[in-house]
Amino acid sequence: MEKSYYEIALNNLDFLENSLTDNHYNDLGPMAEQIAEKMLKSVLILEVTDPDLVMKSHNLKNIYAKIKEAGIDLGLNKKDLGDLKDVYFDARYPGENYIDVNYEDCADYIKTMYDVVLAVNTYRQSRG
């Protein structure tokens, strides 16, 4: 049986929560982004008739915009989604945009991720 974005996001969330005692913030920040992305894509699949183009995107703001275009407002902060989107690449790959994620920034990324998880779970529960 094929796993859904939602199921994979829940598995990733379980892993992240078991890793929170680690101080590997450059791993935890991008992991938080991946969980948020998969959660949003789980809504996108339910609400958008042709989600293919956006499904290939990793841009949380664009994914959320497509969800909003479908008439679903999860009440998420676009700036926070943008910050979380940026950490996925900036904390993982060397180059001029590389960052070392500190505790405070990682806590912000994880908070944004939990905002997404809560909003998506609330939405999914409302749909049964």
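1. Helices here are DSSP runs of at least four residues, numbered from the N terminus. Serine 42 has its place in one of them, helix H2. Keep in mind throughout that this is a predicted model.

2. Let me stay with serine 42 for a moment. Its relative accessible area is 5%, so serine 42 is buried, the cut-off being under 20%. Which side chain does serine 42 join in a polar contact? That would be arginine 124, at 3.4 Å. Setting aside residues up to four places away in sequence, serine 42 touches Tyr5, Tyr6, Val120 and Arg124. Val120 turns up again below, among the buried residues of H6.

3. Glutamate 37 is another H2 residue to look at. Buried or exposed? With a relative accessible area of 4%, glutamate 37 is buried. The side chain of glutamate 37 has a polar contact with that of glutamine 34, at 3.3 Å. Apart from residues up to four places away in sequence, glutamate 37 touches Ser57, His58, Leu60 and Ile63. If you're checking protonation states, those are the neighbours to have on screen.

4. Now H2 as a whole. Its 23 residues reach 33 Å from the first C-alpha to the last, close to the 33 Å you'd expect at 1.5 Å a residue. How many of its residues are buried? The count is 18 of 23, so H2 is mostly covered.

5. How does H2 sit against H4? The two pack at an angle of about 20°, and their axes are 10 Å apart. That makes H2 roughly parallel to H4, since angles under 35 degrees count that way. The crossing is left-handed. On the H2 side, the residues that meet H4 are Glu33, Ala36, Glu37, Leu40, Lys41, Val43 and Leu44. Facing them from H4 (residues 60-69) are Leu60, Ile63, Tyr64, Lys66 and Ile67. Glutamate 37 from point 3 is part of this set. As general background, an α-helix has 3.6 residues a turn, so residues three or four places apart point the same way.

6. H4 also packs on H5, at about 140° and with the axes 8 Å apart. The two helices are therefore oblique to each other; roughly antiparallel would need an angle over 145 degrees. Leu60, Lys61 and Tyr64 are what H4 brings to this contact. From H5 come Lys78, Leu81, Gly82, Leu84 and Lys85. Leu60 and Tyr64 are also among the H4 residues that meet H2.

7. Lysine 78, in helix H5, can be described briefly. Leaving aside neighbours within four places in sequence, lysine 78 is in contact with Lys61 and Tyr64. Its C-alpha is separated by 28 Å from that of asparagine 18, and the two residues are 60 apart along the chain.

8. On to H5 against H6. Their axes come within 10 Å and cross at roughly 120°. That makes H5 oblique to H6, and H5 passes H6 in a left-handed crossing. The H5 residues involved are Asp80, Leu81, Asp83, Leu84 and Val87, and they meet Tyr109, Thr112, Met113 and Val116 in H6. Leu81 and Leu84 appear in the H4 contact as well.

9. Does the length of H6 agree with expectation, and what span should its 24 residues have? At 1.5 Å a residue, H6 (residues 103-126) should span 34 Å, and the end C-alpha atoms are 34 Å apart, which agrees. Asparagine 102 caps the N-terminal end: one of its side-chain oxygens lies 3.2 Å from the backbone nitrogen of glutamate 104. After H6 comes glycine 128, with a positive phi near 90°.

10. Which residues of H6 are buried? They are Cys106, Tyr109, Ile110, Thr112, Met113, Val116, Val117, Ala119, Val120 and Tyr123. Their cover includes helix H1 (5-19), helix H2 (25-47) and helix H5 (78-90).

11. Last, the loop between H5 and H6, where alanine 91 lies. At 5% relative accessibility, alanine 91 counts as buried. Leaving aside neighbours within four places in sequence, alanine 91 is in contact with Asn26, Pro30, Tyr98, Ile99 and Val101. The C-alpha atoms of alanine 91 and glycine 29 are 7.6 Å apart, while 62 residues separate the two in sequence.

Notes:
Residues numbered from 1 in each chain as written. Predicted model: local features only at pLDDT ≥ 70, side-chain atom pairs only at ≥ 80, totals over all residues. Heavy atoms only, no water. Expected span 1.5 Å × (residues − 1). Buried < 20%, exposed > 50% of the residue type's maximum accessible area, 1.4 Å probe, protein only. Contact = heavy atoms within 4.5 Å. Polar contact = N/O pair within 3.5 Å; in protein donor to acceptor, adjacent residues only side chain to side chain. Axes fitted to C-alpha atoms, helices over the stretch in contact; angles between N-to-C directions. Parallel < 35°, antiparallel > 145°, perpendicular 65-115°, else oblique. Left-handed = near helix turned anticlockwise from the far one by under 90°.
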